[in-house]
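Could you walk me through this model in my viewer, one selection after another? I would like to know what to pick next and what I will find there.

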Amino acid sequence: MADLPARPTPGLPPLAPGWTEHKAPSGHMYYYNRETGKSTYMRPILEINSFNNLLAAPAVPLGPPGTFANYHPFDPLAAPTQFNPDPQQQFFQHGGHQQHNFPRGGSHHRGGHRGAHANFPDRRRQPDDRPKHRQDIPKCAPWVLVKTKLGRRFVWNRDTNESFWKFPPDVMKAVVDFDRIEREKKERRARGEPSDDEDSTMVEAEAEIAAAERDIEVEMADAEGDANMEGDDEYEEVEVTDNEGDHVESPSKRQRTEEPPEDHPLEMGEDDMAWQLAAMEGDYEDYDEEEEGLPLTEDDCKALFMELLDDVHINPYTPWDKILDDGILYDDERYKALPNMKARKECFGEWAKQKMQILKEQKAKQQKQDPRIPYLAFLHQLANPKLYWQEFRRKYKKEPEMKDPKFSDKDREKLYRDHIKRLGLTQQELKSDLSAMLKAQPLAALNRSTTLASLPPSVLTDLRFISLPASTRDPLVETYISMLPPAPEGAAESAEEEAEVAKKRAERERREKALAERERRVREEKRKQERELAFGKGRLREEEIEIERAMRVGKDGLRGQLDSFEDDRQER
Amino acid sequence: MPPIRHPARHRKPPPEGFEDIEDTLLEFHNKMKDAENASHEGKKKYEMLWPIFQITHQRSRYIYDLYYEKEAISKQLYDWLLKNGYADPMLIAKWKKQGYEKLCCLRCIQTKETNFKSTCICRVPQANLKDGRDIQCVSCGCNGCSSGD
């Protein structure tokens, strides 16, 4: 640390009395003692390594306040309270410490040969540790097992508000049992049996993550040869489930020969812990969520990007390249939700597909407006008997009504000519035509609830409707509408239904007509046949008579025969 | 003889849905006009045609995507667009073949026109090129359009 004498970070140990802090023109901080007239780059702090020399002198928890308390920016002044998960006690159990080496402590009075070289990088590497999960230890009532973010565990007594990294023997047993149960659960789940307790699975998942994190920590520590880093031996004692402990153990043992290991290498302040625990007590759920950070899955990213596309109101028919060229998307944060251009393009493709489908459906839902309606309204406004159709067309060829591709020019011309012809008629005729037209409308389409703005298309597409100027026509139509009875039941579906019914009726009439026609034809046929039959019978009878007569040839011979013929003729 | 162009009011209206893509097609049309009228100053002879090929490719791709990928336009409209020259049906026919999904232009696979009866350099996958050099083909300025790229 000698190379970094003054780090102007908050949470440095307090200056020794008499020293003041200044900034040199070079940007370095230096310290000046007015009384002695000395100045130094090294931060003179309260002498706290006095306790380094305390060997096995229990009950003097002197150490941490300087170091631990200073670590946490948000609680720098907290004094050690009775809440003390106490490293000191553990120090002394390990035979006392020659040195206090808090890797993150920020203390310059670290002394000893294991100086700054290893410690500075640690500062960057190690994230804050905080309590993360809390579980009641079964059969060990007031004690609670707390798991920190880095996967370490300590126990906390809810009643006395004591906490220990080193588990007390009675608690230890319960924790070992608890761990066994947890492990069994995990195995069961691994075998695919459903876990009965959702909560526990969550906790386990949590634990796995924590373990993974710790692995990383350990590896990094090994790489740097910093044996002191993870030497939480009391931790290993309890971590029955974790193999990682052995991994760490060997370096820490080597360490122990020259200097007693730190029980608590990490930076958690006791007061901080207390604060965190209080927070956990208060709103546990809430806290946990915050701790996790909201997870952002791939789908979320996509959804975000799609929302962005929605928000900028792009036409989905625009090609992707064009959107990029316009550069409307770049400013938004959500543009970066997706990692690369390919993903964005894909996402845009999906979005456009969806949008186009929606647009298509909307269009299908919208009833198609008859192109004649706007055209007739246009004629009503502008048609003039003084203009021939050609002139009229030339004059207004830019108007959208004149350019509508769905309506052919011939129809337009025809309507125009008819309209102009009608304009020559007298007012009286036009009025009577209008009222006749209105009377012909079915009640479902035109009734008391109709307004001028919501006239049925059958009225609007009629030439008789536009023949009169609006000033005379509108009052007429209004008075007629006010005289009408209200809409019949089920008027909502009126128009189409009416049309359908009319169609059905027409169909039926046609069928009946056809049937009658056929019957008539059949009857005629029958009559004809009968007549023919009768005729045939008559013929037959005549023939029979003739034969009979011929058979009557008597003795008088031909003469007699001829006579008889003559008789016959006379008879007739 | 070129088809006789009638004024808009005499022409049969385009199929349903054309108004949605009309603006984009008009933009392509304008771009194409600009490319046609652009000056040849300082350009190589073969370079002059590149923008034409590229715009044709983009426009065909746009219509192809709309019909085959996004299914946003009807068969009638698609056929109408092809008939009226908004997209190159031969190029689209190639895109449907495996290995030609990203083909840049038809000239690049026309082996008969090259000296060694081979396809264009842009059809060679990036991995097979020596030391991954950047290429730009002569026919349309493509940087590589083999489906592996």
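Here is a tour that starts with chain A, crosses to chain B and ends at two backbone angles. Keep in mind along the way that this is a predicted model.

**Stop 1: chain A as a whole.** Select chain A and colour by secondary structure: there are 22 helices and seven strands. Now switch to colouring by accessibility; of the 572 residues in chain A, 38% count as buried. If you draw a contact map, look away from the diagonal, since among contacts with a separation of 6 or more, 62% join residues 24 or more positions apart.

**Stop 2: a strand residue.** Select Asn33(A), which you will find in strand β2, residues 29-33 of chain A. Is Asn33(A) buried or exposed? Its relative accessibility is 7%, under the 20% cut-off, so Asn33(A) counts as buried. Show what surrounds Asn33(A): beyond its neighbours within four places in sequence, it touches Gly18(A), Trp19(A) and Lys38(A).

**Stop 3: two helix residues with opposite settings.** Go to Asp409(A) in helix α16, which covers residues 409-423 of chain A. Asp409(A) is buried, with a relative accessible area of 9%. Add Arg393(A) to the selection and you can draw a polar contact of 3.0 Å between the two side chains.

Next, pick Lys439(A), in helix α17 (residues 427-440) of chain A. Lys439(A) has 59% relative accessibility, over the 50% cut-off, and therefore counts as exposed. Try a distance from here to Leu484(A): the two are 45 residues apart along the chain, yet their C-alpha atoms are separated by 9.8 Å.

**Stop 4: helix α12.** Select residues 341-365 of chain A, the 25 residues of helix α12. From first C-alpha to last, α12(A) reaches 36 Å, close to the 36 Å expected at 1.5 Å a residue. Its buried residues are Ala343(A), Arg344(A), Cys347(A), Phe348(A), Gly349(A), Trp351(A), Ala352(A) and Met356(A). What covers these buried residues of α12(A)? The cover includes α10 (298-311) and α11 (320-326) of chain A, and also α2 (50-69) of chain B. That last helix takes us to the other chain.

**Stop 5: where the chains meet.** Show the contacts between the chains: 15 residues of chain B touch 17 residues of chain A. The two chains bury about 1,500 Å² between them, with 52% of that on carbon and sulfur atoms. Two salt bridges cross this interface. One to display is Lys322(A) with Glu27(B), whose closest N and O atoms are 3.4 Å apart. Five residue pairs are in polar contact between the chains, counting those with both residues at pLDDT 80 or more.

Now hide chain A and look at the side of chain B that touches it. Helices α1 (18-37) and α2 of chain B are the elements that give two or more residues to this side. The largest share, five residues, comes from α1(B). By residue type, this side divides into six nonpolar, two polar and seven charged.

**Stop 6: two unusual phi angles.** Most residues other than glycine have a negative phi. Select Glu71(B), a non-glycine with a positive phi of about 50°. Glu71(B) sits in the loop between α2 and α3 (75-83) of chain B, and is partly exposed at 42% relative accessibility.

Finish at Lys117(B), in the segment after α4 (89-95) of chain B. Phi of Lys117(B) is positive too, near 55°, and this residue is exposed, with a relative accessible area of 55%.

Terms used
Residues are numbered from 1 along each chain as its sequence is written. Chains are lettered from A and ligands numbered from 1 in the order in which they are written. This is a predicted model: local features need pLDDT of at least 70, side-chain atom pairs count only at pLDDT 80 or more; totals for chains, interfaces and linings use all residues. Side-chain values use heavy atoms; hydrogens and water are left out. Helices (H or I, at least four residues) and strands (E, at least two) are DSSP runs, numbered from the N terminus. The expected span of a helix is 1.5 Å times one less than its number of residues. Buried means under 20% relative accessible area, exposed over 50%, partly exposed in between (1.4 Å probe, protein chains only). Contact means heavy atoms within 4.5 Å. Buried area is the accessible area (1.4 Å probe) that two parts lose on being put together, summed over both. A salt bridge is a side-chain nitrogen of Lys or Arg within 4 Å of a carboxyl oxygen of Asp or Glu. A polar contact is a pair of N or O atoms within 3.5 Å; within protein, one must be able to donate a hydrogen and the other to accept it, and residues adjacent in sequence count only if both atoms are side-chain atoms. Ala, Val, Leu, Ile, Met, Phe, Trp, Tyr, Cys and Pro count as nonpolar, Asp, Glu, Lys and Arg as charged, and the others, Gly among them, as polar.
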